[in-house]
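Me: Could you give me a close look at a single part of this model, a pocket, and walk me through the backbone and cysteines as well? Please keep it informal, and start with any term I need.

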Amino acid sequence: MSNIESVLHENRVFEPSAEFVKQANISGMSAYKALCEEADQDYEAFWARLARDNLLWHKPFDKTLDESNPPFFKWFHDGELNASYNCLDRHLNTQPNKVAIIFEADDGTVTRITYKQLYHRVCQFANGLKSLGIKPGDRVVIYMPMSIEAVAAMQACARIGATHSVVFGGFSAKSLQDRIGDAGAVAVLTADGQMRGGKEIPLKPVVDEAIAMGGCDSVKHMVVYKRTGSNIKMQDERDVWLSDLVQNQLDVCEPVWVNAEHPLFILYTSGSTGKPKGVQHSTAGYLLHAILTMKWTFDFKGSDVFWCTADVGWVTGHTYIAYGPLAVGATQVVFEGVPTYPKPDRFWKLINEFGVTVFYTAPTAIRSLIKLGADLPKNYDLSSLRLLGTVGEPINPEAWIWYYETVGGKRCPIVDTWWQTETGGHLITPLPGAIPMKPGSCTMPLPGIMCDVVDETGESVEKGSGGILVIKKPWPAMIRTIWGDPERFKKTYYPEDFQGKYYLAGDGASRDLDGYFWIMGRIDDVLNVSGHRLGTMEIESALVAHDLVAEAAVVGRPHDVKGEAVIAFVVLKGDRPTGEESKEIAKTLRDWVGKDIGAIAKPEEIRFGDNLPKTRSGKIMRRLLRAIAKGEEITQDVSTLENPQILDQLKETV
């Protein structure tokens with residue numbers, strides 16, 4: 001794999017301002033290095049100190065790390081605590097009237113709820129669940145719209161020791177059936193419907209359909225939140241309106257104290273074929289990482305207004321909406337709908353209106369918003385912002401620069417965060433008051449996270465070379481197992497290729513001469529073209545750097561001579577070209593990539609679309625693009641796509 005710095009031509013370094021460094025929780029490189037050194041010298045003592053300092057324990061732990069049955073590591077496992085208590089009760093004496101959530105519905109209606117009000121709402125919800133006979137260890141599936149109720153549902157499960165499994169509200173009945181069946185859920189918490197871009201999308205009927213498919217006999221109860229008021233069927237013995245369930249419940253509920261290793265939630269990773277993969281997270285280790293990254297990565301201050309734009313159906317919404325911000329006592333913005341409705345300026349309008357100080361969104365959303373109006377942010381006062389973040393995939397340098405200059409006014413550090421559903425929280429990211437930023441690089445690991453880039457035999461590669469990203473030591477927030485399938489967990493994350501020693505992230509990466517990490521995309525997104533290994537991210541970055549291009553996705557297609565051919569799907573800033581014009585632009589872009597990376601990286605084929613196939617959370621469905629590139633019939637479920645009609649458009653060759 002080529003040296004990524006030469007590929008991206010990315011030698012620009014952006015230092016945090018002296019003013020930002022001065023006020024930062026981790027101030028300057030010396031403070032960062034001191035934490036790293038503390039972890040290096042006594043790894044267990046480092047994590048034990050942080051767990052004692054940041055979590056409220058009902059029964060303190062004595063044993064920090066149990067490595068007796070690798071890779072099934074246990075952290076703090078003789079201690080007891082409760083996640084909901086750590087998120088809500090801890091603030092009742094100090095800031096009960098502080099706003100916890102500012103919620104904006106799809107139609108613009110705003111609701112504010114304080115910590116005390118949220119505590120009472122969660123307690124009533126928890127008591128309602130207990131009245132249905134739901135007990136510690138039971139699994140509860142949550143299939144709800146973005147709302148205060150969705151956060152309360154997650155917290156209520158945590159409060160009574162039930163393990164929640166949130167399913168994104170755009171998933172199909174079949175996807176839902178798979179997850180309910182795999183988790184053995186005793187209840188489903190849902191809503192009549194949800195609003196998205198001015199349209200009503202049914203939810204309860206989808207749950208009914210999923211259960212009717214069979215294999216969901218474990219479900220005894222369905223709780224329905226009345227969101228849209230649409231006419232739905234209720235099954236007498238099984239279904240209950242949320243409003244009826246909580247009506248006469250006490251607004252105080254003693255937390256159930258659980259073991260530190262108690263499964264807080266199961267979250268199924270999407271995008272893989274076959275049986276869904278239930279990532280199981282513990283209570284203490286996960287919550288510790290959520291708190292630490294709020295303080296370290298987001299430099300949390302009590303005066304902040306924090307906004308993570310994710311959905312609670314994804315891990316980002318778990319860690320940086322439902323748990324992290326509440327555990328540190330933040331005021332956060334939560335929104336329903338899409339960033340482009342009612343107008344493409346919605347994000348900038350909300351930052352302006354609510355005085356958002358820390359903004360965390362996906363590169364896909366950023367690129368879409370550039371395409372819809374690169375100058376729109378200039379119409380709003382965004383001076384409240386002090387820190388920006390990105391999540392979900394590497395950000396192209398050009399999009400990074402726009403975000404930094406146009407949204408952040410060149411004063412806000414950008415935390416480009418690398419992590420996964422399985423890691424629980426950020427693992428590699430700049431600490432904004434310490435680490436200088438390079439556009440497109442997630443920079444350096446957090447203190448206590450031992451990352452490396454290795455070859456296929458597990459040996460470290462030289463700086464400047466590409467390889468496979470691994471984590472060499474267990475950390476508290478890591479996945480504990482795949483629900484009900486420990487063998488699959490071992491095979492997937494601790495493969496025998498590395499003698500089961502290292503956690504395999506599944507991403508290709510490179511580390512430059514300064515020690516900065518560059519994520520190259522999934523290992524299966526590293527193309528082998530005529531013996532040269534090329535990261536799809538490298539080619540995508542080159543394409544997006546061209547003035548005509550708003551967004552690009554690159555996949556491989558088997559090739560008789562080269563092994564793999566590069567196929568690019570491109571969205572232009574203007575209208576989609578057709579005929580001769582498309583041929584001319586395709587040639588221009590091929591030449592551009594050739595000049596930027598080398599002839600070997602020139603796309604064999606470029607296809608143009610008005611958009612790329614994305615889930616409703618904004619994730620590009622590259623497996624569908626791979627199928628299109630190969631000319632295969634798409635048989636996978638595409639109900640999670642925001643724009644399924646795009647697939648036909650992208651089948652057209654230039």
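Reply: Helices here are DSSP runs of H or I with at least four residues, strands are runs of E with at least two, and both are numbered from the N terminus. Keep in mind that this is a predicted model.

With that term in hand, take helix α7 as a warm-up. It covers residues 148-160, and at 1.5 Å a residue its 13 residues should span 18 Å; the end C-alpha atoms are 19 Å apart, so the two values agree. Buried or exposed, what are the residues of α7? Buried: 13 of the 13 are, so the helix is largely enclosed by the rest of the structure. Right after α7 comes Gly161, with a positive phi near 80 degrees.

Now for the pocket. The second largest one has a volume of about 280 Å³. It is lined by 15 residues, and those closest to its centre are Tyr32, Pro445, Cys451, Arg511 and Phe517. Which elements each supply at least two residues of that lining? They are α3 (29-41) and β21 (451-454). By type, the lining breaks down into 9 nonpolar residues, 1 polar residue and 5 charged ones.

Cys451 turned up in that list, which brings us to the cysteines. How many disulfides does the model have? The count comes to 0. Cys451 is not in one, as the nearest cysteine sulfur, in Cys442, is 8.4 Å away. Cys451 also counts as buried, because its relative accessibility is 11%, under the 20% cut-off. What about Cys123? Its closest cysteine sulfur belongs to Cys253 and is 5.5 Å away, which is too far for a bond because a disulfide needs the two sulfurs within 2.5 Å. Cys123 is buried as well, at 0% relative accessibility.

Back to β21 and the stretch of chain that leads to it. Thr443 sits in the loop between β20 (414-416) and β21. Its phi is positive, about 70 degrees, although Thr443 is not a glycine. This threonine is buried, with a relative accessible area of 0%.

Asp299 is another non-glycine residue with a positive phi, in this case near 50 degrees. Look for it in the loop between α11 (284-296) and β16 (305-308). With a relative accessible area of 1%, Asp299 counts as buried.

While we're on the backbone, there are cis peptide bonds to look at. One joins Pro70 and Pro71, with omega at about 0 degrees; Pro71 belongs to the loop between β1 (65-66) and β2 (74-75). Another joins Tyr341 and Pro342, with omega at about 5 degrees. Where does Pro342 lie? You'll find it in the loop between β17 (331-335) and α13 (346-354).

To finish, click on Thr269, in strand β14 (residues 265-269). Thr269 is buried too, with a relative accessible area of 12%. Setting aside neighbours within four places in sequence, Thr269 is in contact with Arg179, Lys277, Val279, Thr421 and Glu422.

Definitions and conventions: Residues are numbered from 1 along each chain as its sequence is written. This is a predicted model: local features need pLDDT of at least 70, side-chain atom pairs count only at pLDDT 80 or more; totals for chains, interfaces and linings use all residues. Side-chain values use heavy atoms; hydrogens and water are left out. On a 1 Å grid over the protein atoms alone, a cavity is a set of points where a 1.4 Å probe fits but cannot get out, and a pocket is an open set with protein on both sides within 12 Å along at least five of seven lines; lining residues have an atom within 4 Å of a point. Grid points are joined across faces, edges and corners, and a volume is the space filled by probe spheres set on the points. Ala, Val, Leu, Ile, Met, Phe, Trp, Tyr, Cys and Pro count as nonpolar, Asp, Glu, Lys and Arg as charged, and the others, Gly among them, as polar. Buried means under 20% relative accessible area, exposed over 50%, partly exposed in between (1.4 Å probe, protein chains only). The expected span of a helix is 1.5 Å times one less than its number of residues. Contact means heavy atoms within 4.5 Å.
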